[in-house]
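Reader: I am in my first year and would like to learn how to look closely at the helices of a protein and at what they touch. Could you take me through this one slowly, saying at each step what the reasoning rests on?

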Amino acid sequence: MEALKHLCEIKAPSGREIAVRDYIIEKIGDKAEVTVDALGNVIAFVKGENRSDKRIMVDAHMDEVGFIVTHIMADGMLKFTTLGGINTAVMLGRRVEFLNGVKGVISMKPVHMLSSAEKEKMPDEDALYIDIGADSRSEAETYVSVGDCAVFGEPYENMGDLILSKAIDDRAGCWAILDIINSKPKYDFYASFSVNEEVGAGAKAVAYAIDPDFAIVVESTTAADIAGVNDDKKVCSVGDGAVLSFMDRGTLYDKSLFEKSLALAKKNGIKAQVKSYVAGGNNAAGIHQSRSGIRTVAVSVPCRYIHSASSAASLEDIKSVRDLTKALIEAFASGEMN
């Protein structure tokens, strides 16, 4: 799984996906016809062993959540806003790394200087800064500029079947599609590696260009299978396989495809589960409304602590997502699913 580790370690927040894009294009090599659109989305037409009269689009987004500098203070501290949804609680005291290699830490007032009232509540994002060790604005400006981006700076770690890393959302999806491309697929399909999903842009432009009959969104989704969360709000569980969604905050999924996808997983002995809580969203929101409508299914990796420095996912779940995605491509292309 070295390729997955490398993908997760690449620094590529929304709007700054070039490094991961270059890596993906290199790994595809001559196995597909690759184009890059005006937004930076990678579109790869993958030629399989057989033709199909259906156009199938499989999408994973390349970007990760991150931080963008909005102002440099007189004392050298950096004001920032987030790229994507990051809970303030997971930012506090975390290391970050800018795309040029400059390192910093997200800082706030020390706990022993907080008032009683301040200790009772989470600080607002606006109260946080990035400290890169500069003593003045002029010194900070020799390292970073307004508009520069950073990502979480903690390392990728293996914990048995679990991995801990930034950017599992959605480099796990990118890895799954790359692995399918490199496994001599049975049928033609279009692979989309899209930009800006975390800030809402996503793959809508790709869907318009491809005009597919079916779309498969390969994602990572929140797993709240942790202490203190009621069973009806756990969303999904790490270790229980690929996650199929019937609804999220952006999409009410095609009921027939949802049910047939579950049946397909069972038929092929692929571990799968249902996303049991309506939360989050993904590129399906834009894809399924493209042109005159596109029938869409979402297959996701269950991920604890998503959008944090230490997201946790199971390697076996990631493989299940790959296997189910591959089975769906074949089922759509062959006419088994319609």
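**A close look at the helices and their surroundings**

Author: Let us begin at a contact between two helices, where A3, H6 and L7 in helix 1 meet V20, Y23 and I24 in helix 2. Sorted by class, this contact between helix 1 and helix 2 has 5 nonpolar residues and 1 polar residue, while no charged residues take part. Please keep in mind from here on that what you are looking at is a predicted model. Helix 1 is made of residues 2-9 and helix 2 of residues 18-28, and their axes come within 10 Å of each other, crossing at roughly 155°. Angles over 145 degrees count as roughly antiparallel, and helix 1 and helix 2 are therefore roughly antiparallel to each other.

Now turn to helix 7, which runs over residues 255-267 and thus has 13 residues. From its first C-alpha to its last, helix 7 reaches 18 Å, which is close to the 18 Å expected at 1.5 Å a residue. Which residues of helix 7 are buried? They are L257, F258, S261, L264 and A265, and because they cover an arc of only 125° around the axis, they are on the same side of helix 7. The general rule behind such a pattern is that an α-helix has 3.6 residues a turn, so residues three or four places apart point the same way. On the face of helix 7 turned away from this buried side you will find the exposed residues K255, K266 and K267. The buried residues of helix 7, for their part, pack against four strands and a helix, namely strand 13 (214-222), strand 14 (242-244), strand 15 (272-274), strand 16 (295-303) and helix 9 (315-334).

Since helix 9 is one of these partners of helix 7, it is worth choosing a residue there, and S320 is found in helix 9. S320 has a relative accessible area of 12%, and buried means under 20%, so S320 counts as buried. When residues up to four places away in sequence are left out, S320 touches G241, A242, I270 and K271.

A further buried residue is G173, whose relative accessible area is 0%, and which is found in helix 5, residues 168-181. With residues up to four places away in sequence not counted, G173 touches A60 and V218. G173 can also be set beside I18, a residue 155 places apart from it in sequence and 17 Å apart in space, C-alpha to C-alpha. Helix 5 holds D170 as well, and the peptide bond that leads from D169 to D170 is cis, with omega near 10°.

Finally, look at two loops, where the backbone angle phi deserves attention. V235, in the loop between strand 13 and strand 14, has a positive phi of about 70° although it is not a glycine. Y305, in the loop between strand 16 and strand 17 (311-314), is likewise a residue other than glycine with a positive phi, near 55°. Are these two residues buried or exposed? V235, at 4% relative accessibility, counts as buried, whereas Y305 is partly exposed, with a relative accessible area of 43%.

How values were computed
Residues are numbered from 1 along each chain as its sequence is written. This is a predicted model: local features need pLDDT of at least 70, side-chain atom pairs count only at pLDDT 80 or more; totals for chains, interfaces and linings use all residues. Side-chain values use heavy atoms; hydrogens and water are left out. Axes are lines fitted to C-alpha atoms, for helices over the stretch in contact, and angles run from 0 to 180 degrees between N-to-C directions. Angles under 35 degrees count as roughly parallel, over 145 as roughly antiparallel, 65 to 115 as roughly perpendicular and the rest as oblique. Contact means heavy atoms within 4.5 Å. Ala, Val, Leu, Ile, Met, Phe, Trp, Tyr, Cys and Pro count as nonpolar, Asp, Glu, Lys and Arg as charged, and the others, Gly among them, as polar. The expected span of a helix is 1.5 Å times one less than its number of residues. Buried means under 20% relative accessible area, exposed over 50%, partly exposed in between (1.4 Å probe, protein chains only). The arc is that of the directions from the helix axis to the C-beta atoms.
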